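Here is a short report for a reader who is new to this structure. Look over the sequence and the model, then read on.

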Amino acid sequence: MQKIRVVLAGNPNVGKTSLLNHLCGTTLTIGNFPGVTVEKKEGRAFFQDYEVHFVDLPGIYTLEFYTSLDEKVAVEYLNQGEYDVILNVIESPKLERDLYLTIQLVQLNKPMVVALNMSDEAEALGIKIDETRLSELLKVPVIKTEGRHGKGVKELLSAILTAHHKKLIPKLSMLPVQSVANPEPSTFDFTRLAQGLAKEVSQKSLIPKRNLSDFIDRLLLHPVLGIFFFFLIYYLVFKMVFDLSLPFVEFLDGFFSNFLSKGLAHLLTNWGMPEFLVEFLGSALIGGVGTVLTFVPTIFFMFLFITFLETSGYLPRVAFLMDRFTHRLGLHGHSVIPLLLSFGCNVPAILALRVIPDLKDRLVVMAMIPFMSCSARLVVFSFFAIIFFKNPLFVILGLYLLGIFFAVLTGFVLQRTLSKKELSHFVMDLPPYRFPSLNMLFRILWLHLKSFLLRAGTIIFAISVVVWLLLNLPWGEKNLENTYAARIGKTVSHLFSPLGLNDWRIGTSLIPALLAREAIISTLGVILEEEKAEKATPFDWKQTAKEELYSFIEALKKGLTSLITPYPSLFDTDDEAKDTQTTKDKIRGLFTTPQALSFLVFILIYMSCMATLATIWKEAGASYALFFFFYSLILAYLLSTLTYQTSRLILS
């Protein structure tokens, strides 16, 4: 099978990745370019006995210069890389702007295919593009495509084979015979040629159709109304995440504790399995990993709405809207996007900083990101806030705001010490609003959810196994106070006495939390499963399954009906005592309210996880990563101590 290597080139936000998803499907992979930290998407398509290998380059506006590492990699790859065909993706509604880059790509003397993407949006705006005429002028195939739905993908593959076989190198007679890679500066006016080419191949209606994006922007980018809508949108996101997920979290908590754990123990006992294995599966697997998996609904809905805001075109508007505020910190508005992405996960948010051209700006925002509450922290916040506080929503919201406050404070201090410089102008291209393809939306969502599940199945499971072993060593020791886990926990707890966290079980849970925040819950789940000494009771599979089914139906009804209320369901809590043995009920007796608040503040402030630390290490160096680690640890220690001592006096 012959192979063809194709690079996707184009301006930012033209839909290259959407086309790549339709072209490659499940073969799509994400990695880094050799020797650098810039991310690249690759995939393969099999067409007419050919294997077509695609590489999606970062978006660029020109080959003449670059302002970020991403753009540098893209320009150097186009000038020096080994590939057979350029797939030049153009955003049809912005034809004139994108033709500027197209004209420069012509001078690379490589076979080319042009994809007029978002052709449906251009037609909706009254813009008609004659792709046949453009093909005649450029001497290469020009295909109209719709990245959201995959329209034109087969035609693109056929055109790529044709361009490769016939060596269809684009030519424009009015261009000088000169390579863009030539170090001598060019005096040729590419802008005027792009304007002329666009007029030649496109027509606009005399009465332009109303642009829906412009109409919406009048509201969402308004200096006053825009701020109001920003908080309204994120309030609704926050509300829907909890209203939809909380009933299912409660259902899964009961499912793992009352059905799966007891049912598995009953089954294994009847099969004559050794008590050691029964306890291991019940404590390490169900008590540890199962407890974390109860928060899959929260992770699912959090990433669903964040991905929707990102792919719909709203997040770039937030960067534009917040530019006035970030200017006071000495930063550009585009630094807001990584900060918002960090609510999902800190690691990809740090990687997203590569688009910021100035190194010092990247370092400042990099130090701000770990203070933003990621989805892993949200799992812990939700778990503890629902157990210990009458109004858990206020507590969770307060923790989010506290993290944002220290992120801003850290950025403010660093900007005036580490990075004293003049702020350059901020220019951002705003993509049109669009409803993302559900296929694309759930494909991206699955990548995030799969990452969470893999972490639960590997890191958290490994932590649960280690904790369970430590709780059972030395072998035969029945008193948990004398186990290795208790000895380690007691040593750590002495250090955390000023924070009120002097219980060895709490101290033990803070150790694996460095690897993953969710491990806090799994560790406590394993410890408390070991502590309980329940007598074997008859287990009715049919009756218990029926109860769980009713519980699921009730969770579904509760989640849907809560959406019609104007305030989140977390405002309402059930204060009635429950005679159950779920992990939540066991943890309720482990903390006082001041201890729980101190614990949450500590979890919020100190370094989110080792993956975040490793990413900072890779992106900014060892010294910067270690500096931030100890800075966040000391700050967390002091702030948690203050929180505990103050709340204890107030609540006493």
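## Salt bridges

R505 forms a salt bridge with D503, and their closest N and O atoms are 2.8 Å apart. This is a predicted model. R505 is buried, at a relative accessible area of 17%. D503 is buried too, at 19%. Both values fall under the 20% cut-off for burial.

The count of salt bridges comes to ten. Three of the pairs are set out here.

| Pair | Closest N and O atoms |
|---|---|
| R505 and D503 | 2.8 Å |
| E200 and R133 | 3.1 Å |
| K16 and D56 | 3.8 Å |

Take K16 and D56. These two residues form a salt bridge, with the closest N and O atoms 3.8 Å apart. K16 lies in helix 1 (residues 16-24), whereas D56 lies in strand 4 (residues 50-56), so the pair ties together parts that are 40 residues apart in sequence. Are K16 and D56 buried or exposed? Both are buried.

E200 and R133 come next. Their closest N and O atoms are 3.1 Å apart. E200 belongs to helix 7 and R133 to helix 5, so this salt bridge ties together parts that are 67 residues apart in sequence. E200 is partly exposed, with a relative accessible area of 44%. R133 is also partly exposed, at 29%.

Salt bridges can also link up. E91, R97 and D98 are joined in a network of them.

## Two helices in contact

The pair E200 and R133 leads on to the helices that hold these residues. Helix 5 covers residues 131-138 and helix 7 covers residues 190-201. At what angle do helix 5 and helix 7 pack? The angle is about 140°, and the axes are 8 Å apart. That makes helix 5 oblique to helix 7, because an angle counts as roughly antiparallel only when it is over 145 degrees.

Which residues of helix 5 and helix 7 meet? On the helix 5 side they are R133, L134, L137 and L138. On the helix 7 side they are L197, E200 and V201. By class, this contact has five nonpolar residues, two charged residues and no polar ones.

## Nonpolar cores

How many residues has the largest nonpolar core? It has 98. The residues with the most contacts inside this core are F384, I587, F591, F599 and I605. Leaving aside residues up to four places away in sequence, F591 touches F384, F388, I506, L524, A596 and F599.

Another core lies apart from that one. This other core has 38 residues, among them V55, L101, L108 and L138. L138 also appeared above, as one of the helix 5 residues that meet helix 7.

## A buried strand residue

I129 lies in strand 7 (residues 127-129). At 7% relative accessibility, I129 counts as buried. Which residues does I129 touch, not counting residues up to four places away in sequence? They are S92, L95, L116, K144, V201 and S202. V201 is one of the helix 7 residues that meet helix 5. As for L116, it is 13 residues from I129 in sequence and 8.8 Å from it in space, C-alpha to C-alpha.

## Positive phi in two loops

Most residues other than glycine have a negative phi. Two residues in loops have a positive one instead.

N13 has a phi near 65°, although it is not a glycine. N13 sits in the loop between strand 1 (2-9) and helix 1. N13 is partly exposed, with a relative accessible area of 39%.

D49 has a positive phi of about 65° and is not a glycine either. D49 sits in the loop between strand 3 (39-47) and strand 4. Is D49 buried or exposed? D49 is exposed, with a relative accessible area of 63%.

## The whole chain

Now the view widens to the chain. The chain has 27 helices and nine strands. Of its 652 residues, 53% count as buried. Contacts can also be sorted by distance along the sequence. Among contacts between residues at least 6 apart in sequence, 78% join residues at least 24 apart.

Notes:
Residues numbered from 1 in each chain as written. Predicted model: local features only at pLDDT ≥ 70, side-chain atom pairs only at ≥ 80, totals over all residues. Heavy atoms only, no water. Core = buried A, V, L, I, M, F, W, Y, C linked by side-chain atoms within 4.5 Å. Buried < 20%, exposed > 50% of the residue type's maximum accessible area, 1.4 Å probe, protein only. Contact = heavy atoms within 4.5 Å. Axes fitted to C-alpha atoms, helices over the stretch in contact; angles between N-to-C directions. Helix = DSSP H or I, 4+ residues; strand = E, 2+ residues; numbered from the N terminus. Parallel < 35°, antiparallel > 145°, perpendicular 65-115°, else oblique. Nonpolar A, V, L, I, M, F, W, Y, C, P; charged D, E, K, R; others polar. Salt bridge = Lys/Arg side-chain N within 4 Å of Asp/Glu carboxyl O.
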